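Please look through the structure below together with its sequence, and then follow the paragraphs, which move from one part of the chain to another.

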Amino acid sequence: MCGIVGYIGPRDAADICLAGLKRLEYRGYDSAGIATVDEGELHLRKVVGKLVNLEEVLQQEPLVGAPGIGHTRWATHGKPSKTNSHPHISTNGRIAVVHNGIIENYGQLRQQLTAEGYKFVSETDTEVMPHLVEKYYEGDLREAVRRAVGDLKGAFAFGVICADSPNELVAVRRFSPLVVGLGDGENYIASDMGAIRQETDKVYVIDDDELALITRDDVELTDLALNPIAREVFEIPWPAEAAQKAGHKHFMHKEIHEQPDAMHSCLAGRLSSPEAPLVLEGLQMSEQEIKDLRKVVFTACGTAYHAGMVGRFMMENLARVPAEVDLAAELRTRDPVVLDNTLAVVISQSGETADTLVALRDLREKGARVVSVLNVVDSSIARESDGVVYIQAGPEIGVASTKAYSLQVLTMAMIALHFAEVRGTADPATIRSLKEALLAVPDQSQELLDREEDVKAVAQHYYQMPNSLFLGRGINLPSAMEGALKLKEISYVHAEGYSAGEMKHGPIALVEPNLFTVAIAVAGEVYEKMIGNMQEIKARSGPVIGVANDGDDVIGDECDDMIWVPPCPELVSPITIAIPLQLLAYHIADLRGEHIDQPRNLAKTVTVE
Ligand code: F6R
């Protein structure tokens, strides 16, 4: 996830790009850059670090002219550095490109272009694009971009300018978000409307495989065959002040809603169809090393630990490797046995959590190979791991982790399935149907977000209650624990995540009319048992919110309220179940008037043991 912005008009593009990038900083902040065209030449400023650094450079060496494009980066290919930051420039120095997305076939394109004499200076996937545009440029920038895009596989939103076409800005998208802002004698592009809301409230929302040729006075939208597209102007309904959160009241809410897009990015290049094998290059493990595995140890803290619990379940179930999961802070006290061929899977959004880093070092010292599952690139945990699989969630700003969790679980599923494929431990029909289910997860997640009002209505019934229980079994015990953690950390409602089977061994004593229970009872092996546990609570006058599959006409009788989720295989269900539970916590906290993005006593990254 990165942010792009662009401008064409009478003013200096750098000023507008910088202001837009500031509103896009939530999309990335490890490096930034701006390029403009002035007097037939391309001019460029790039820096490592946050936008304040770019602002300082621009104060010392101002950039004039227009058109211009800007970028704030969230590293995916290549560490944060000046050379890897955008805009990227063609070999002849005439074309500049900013990109949000991932080019899957960049390795092959880079080889071809290098053989043809184009000079690469960065480690990024993006850099193939300016060289391709140069290759195809014969005086028509849009045509060159169109042909270049024809060579690409993957996800992208590009902004492209060229010193030889100084009156044009070209933009194109596939899977990554892009809008064109409409001004009076000036026009804009951006990753989201918030970036340019200060300038205009009128935008075209660009769809996949659409090209925009933008001049000062005109915007021409076409498909990739250059057929014209008539698009209605969208009027941005929220005021400029709400821009950074793109109209959402809180970052947490925004990030909950980013999950379908983030899931697409996480799947991109790894799982393309139910028939294709999974590709997880970041693991850095040969097939033989995967076959030789004797044990997998998952470790993490908080929400990431819950993702690890799901990972352990999937790993044993699918790849048939003995697996353990430990809270990172507890791992050392336990002094775990590390056998030959033990793999440690270390999960962390930030990659900086001190307890997790210490657990990693401990496992490494004992001889384990370490693969980490991370969001932030080039973090401390990344640097000390043998392999890293990035979840591609983009920056998570809300203190309560939401999109990182569902993407961590999605990544766990891909790793376990990949291991099962290599080890031959699951039959091909099962693997195929699970891949189908994973590919359906982004759409199902969108469907769940579309039902937000239903969850909000449930929240309205319970938000004043002081106590709650979240119950699950099997692979959805971690879902219950995560649901409880979300609720307690942002609403301060006492919430316990518990195995439904354990209820009768003690916690059932808590049940009374002022304690609500959220019971996860989706179709699968534990469904009948869950119904039994829910009846036990109802019999003791405890109100129950059921989480069940659409079309289940039995469960409604056992519950006071329902949260419905689309059906999917039980093994995959924790990914989508997370979403309504995040929304439930969010709306309860919001109704209670809490500071959702900065809950008391909590920090986003915990760098002390
Ligand atoms: C809860 C939450 C925390 C983190 C935990 C680990 O919403 O965000 O429990 O999951 O502090 O942080 P990372 O994943 O950065 O290692």
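The model shown here is a predicted one, and a good place to begin is the start of helix H5, where an oxygen in the side chain of Asp140 comes to within 3.2 Å of the backbone nitrogen of Arg142. Helix H5 itself spans residues 141–150, and within this helix Leu141, Arg142, Ala144, Val145, Ala148 and Val149 are buried. These buried residues lie on the same side of H5, because the arc they cover around the axis is only 160 degrees. Among the elements that cover them are helix H4 (128–136) and the strands S7 (154–162), S8 (169–174), S12 (210–214) and S13 (219–223).

Further along the chain there is an open sheet of five strands, arranged in the order S21-S20-S22-S23-S24 with parallel pairing. At its edges are strand S21 (494–499) and strand S24 (561–565), each of which pairs on one side only. On average, and with direction ignored, neighbouring strands of this sheet are turned by 20 degrees against each other. In general, the strands of a sheet pair through backbone hydrogen bonds, in either a parallel or an antiparallel way. Here, strand S22 (residues 515–520) and strand S23 (residues 544–549) are joined by four bridges in the parallel sense, and Ala519 stands opposite Gly546 in S23.

Helices also pack on this sheet. Helix H16 (residues 452–462) touches S22, S23 and S24, and its direction makes about 155 degrees with that of S24, while helix H17 (residues 477–491) lies across S20, S21 and S22 and runs at about 175 degrees to S21.

Is Ser468, which has a relative accessibility of 1%, buried or exposed? Since buried means under 20% relative accessible area, Ser468 counts as buried at its 1%. This residue sits in strand S20 (residues 467–472), and, leaving aside residues up to four places away in sequence, Ser468 touches Leu487, Val493, His494, Ala495, Glu496, Leu515 and Phe516.

The last stop is the ligand, which is surrounded by 13 residues, the closest being Ser348, Gln349, Ser350, Thr353 and Glu489. A polar atom in the side chain of Ser348 lies 2.6 Å from an oxygen atom of the ligand, and an N or O atom in the side chain of Lys486 is 3.0 Å from a ligand oxygen atom. With Val399 the contact involves the backbone, since a polar backbone atom of Val399 is 3.4 Å from an oxygen atom of the ligand.

Methods:
Residues numbered from 1 in each chain as written. Predicted model: local features only at pLDDT ≥ 70, side-chain atom pairs only at ≥ 80, totals over all residues. Heavy atoms only, no water. Buried < 20%, exposed > 50% of the residue type's maximum accessible area, 1.4 Å probe, protein only. Helix = DSSP H or I, 4+ residues; strand = E, 2+ residues; numbered from the N terminus. Arc of directions from axis to C-beta. Contact = heavy atoms within 4.5 Å. Polar contact = N/O pair within 3.5 Å; in protein donor to acceptor, adjacent residues only side chain to side chain. Pairing = 2+ DSSP bridges. Axes fitted to C-alpha atoms, helices over the stretch in contact; angles between N-to-C directions. Near = heavy atom within 4 Å.
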